[in-house]
Amino acid sequence: MGAYIDFSGRNVLVTGASRGIGRDVAKELLGMGANVIAHSRSGPGALRDATGKVGGSLKYVAADLSTREGVERVASFVEGCCTELHGLVNNAGIYSGLALGEETFDNWDLTVNTNLRAPFFLARLLRERLRAGKGSVVNISSIMGLSASAGAYPYQASKSALIHITRALSLELAPDVRVNCVAPGFIMTDMNKEGWNDASFRKEVEERTPLGRWGRPEDISSAVSFLLSERASFITGETILVDGGKSLF
Ligand code: NAD
């Protein structure tokens with residue numbers, strides 16, 4: 001795991017860090033020496049058990065990011081922890097695969113507020129801390145933000161808009177702060193466990209993925225760490241697909 005990147009003394013907020021991709025990102029950053037502020041909806045969850053040997057320090061903040069109060073609470077917590085923020089990983093997100101006829105106003109608001117409004121306002125509220133730290137923002141979008149399919153409309157809309165907002169923010173916050181996106185393909189986390197627990201769907205994804213497998217959380221964390229690090233110091237406004245080549249055809 002990435003010994004070539006040293007995040008010692010770097011303060012990084014990771015949202016949705018209790019499980020899945022966010023937990024792996026937090027673990028990897030801790031191993032690289034970062035001071036991680038781990039956000040989750042209700043508590044540290046599995047992250048606490050997964051951090052036996054850590055290089056950096058770990059703080060927790062709980063908040064519901066679908067609400068304005070939750071977003072403001074996380075931003076205030078970060079402001080209380082550090083004067084410089086070196087990284088913001090907007091990872092928390094929800095998926096619902098409702099068909100057009102099933103979609104509701106409430107589900108639209110919940111999904112778009114969590115997946116799009118929260119990342120935008122965290123960047124907005126923490127922009128001075130990020131500027132002070134010459135920081136890097138990484139937003140977690142999805143291949144569903146780039147290629148269209150029927151259903152999951154608020155998810156597709158939020159992930160697509162997140163890619164565009166990434167580009168707009170990268171202009172606003174340059175030259176001090178870089179803003180990039182990672183767009184995962186099919187990753188084996190709780191978010192789509194119904195999919196990878198279904199043998200035929202699991203095989204179908206493998207067959208439609210040139211690299212022949214589902215992604216793992218660490219496939220995403222390594223891209224996130226790279227974008228957060230000085231190794232990506234000339235990259236901003238970019239979206240990196242991490243999907244085993246699935247969206248090539
Ligand atoms: P996950 O469901 O395991 O984790 C999602 C995290 O977001 C959890 O920690 C959850 O508590 C948090 N979260 C959700 N709603 C929240 C809210 N209202 N307030 C606070 N926290 C909230 O899923 P994951 O696969 O680890 O997903 C992480 C990110 O990656 C998401 O943004 C997701 O859209 C994106 N993504 C995942 C896949 C995949 O195949 N797993 C593919 C593309 C993109």
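**Two helices, their packing and their charges**

Of the 12 residues of helix α8, 9 are buried, so the helix is largely enclosed by the rest of the structure. The model is a predicted one. Helix α8 covers residues 217-228. Its buried residues are P217, D219, I220, S221, A223, V224, S225, L227 and L228.

What do these buried residues pack against? The list of partners mixes strands and a helix. The strands are β1 (11-14), β4 (87-90), β5 (136-140), β6 (178-184) and β7 (239-242). The helix is α1 (20-31).

The length of α8 can be checked too. At 1.5 Å a residue, its 12 residues should span 16 Å. The end C-alpha atoms of α8 are 17 Å apart, which agrees.

One of the buried residues of α8, D219, also takes part in a salt bridge. Its partner is R213, and the closest N and O atoms are 2.9 Å apart. R213 has a relative accessible area of 34% and is therefore partly exposed. This pair thus joins a buried aspartate to a partly exposed arginine.

Now turn to helix α2, residues 68-81. Its 14 residues should span 20 Å at 1.5 Å a residue, and the end C-alpha atoms are 20 Å apart, in agreement. The buried residues here are G70, V71, V74, A75 and V78. Seen down the axis of α2, these buried residues fall within an arc of 135°, so they line one face of the helix. They pack against β1, β2 (35-40), β3 (58-62) and α3 (105-125). Strand β1 therefore appears in the packing lists of both α8 and α2. On the face of α2 turned away from the buried side sit the exposed residues R68, E69 and G80.

R68 leads on to the charges. Side chains of opposite charge can pair when their charged atoms come close. R68 does so with E72: the two form a salt bridge, with the closest N and O atoms 3.0 Å apart. Why do R68 and E72 lie about one helical turn from each other? They are 4 residues apart in helix α2, which means a separation of about one turn. R68 is exposed, because its relative accessibility is 56% and the cut-off is over 50%. E72, at 33%, counts as partly exposed.

Another salt bridge links R208 and E204, at 2.6 Å from N to O. Are its two ends buried or partly exposed? R208 is partly exposed at 33% relative accessibility. E204 is partly exposed as well, at 35%. Across the whole structure, a search finds 9 salt bridges.

Cysteines come next. A disulfide is a covalent bond between the sulfur atoms of two cysteines. The search of the whole structure finds 0 of them. C81 is in no disulfide; its nearest cysteine sulfur belongs to C82 and is 5.7 Å away. The cut-off for a disulfide is 2.5 Å, so a gap of 5.7 Å does not qualify. C81 is partly exposed, at 30% relative accessibility. C181, in contrast, counts as buried at 0%.

The last stop is N90, in strand β4. Is N90 buried or exposed? It is buried, with a relative accessible area of 3%. Which residues does N90 contact, leaving aside its neighbours within four places in sequence? They are T15, P119, L122, V137, V138, N139 and I140. Strand β4 is also one of the elements that the buried residues of α8 pack against.

Key
Residues numbered from 1 in each chain as written. Predicted model: local features only at pLDDT ≥ 70, side-chain atom pairs only at ≥ 80, totals over all residues. Heavy atoms only, no water. Salt bridge = Lys/Arg side-chain N within 4 Å of Asp/Glu carboxyl O. Helix = DSSP H or I, 4+ residues; strand = E, 2+ residues; numbered from the N terminus. Buried < 20%, exposed > 50% of the residue type's maximum accessible area, 1.4 Å probe, protein only. Expected span 1.5 Å × (residues − 1). Contact = heavy atoms within 4.5 Å. Arc of directions from axis to C-beta.
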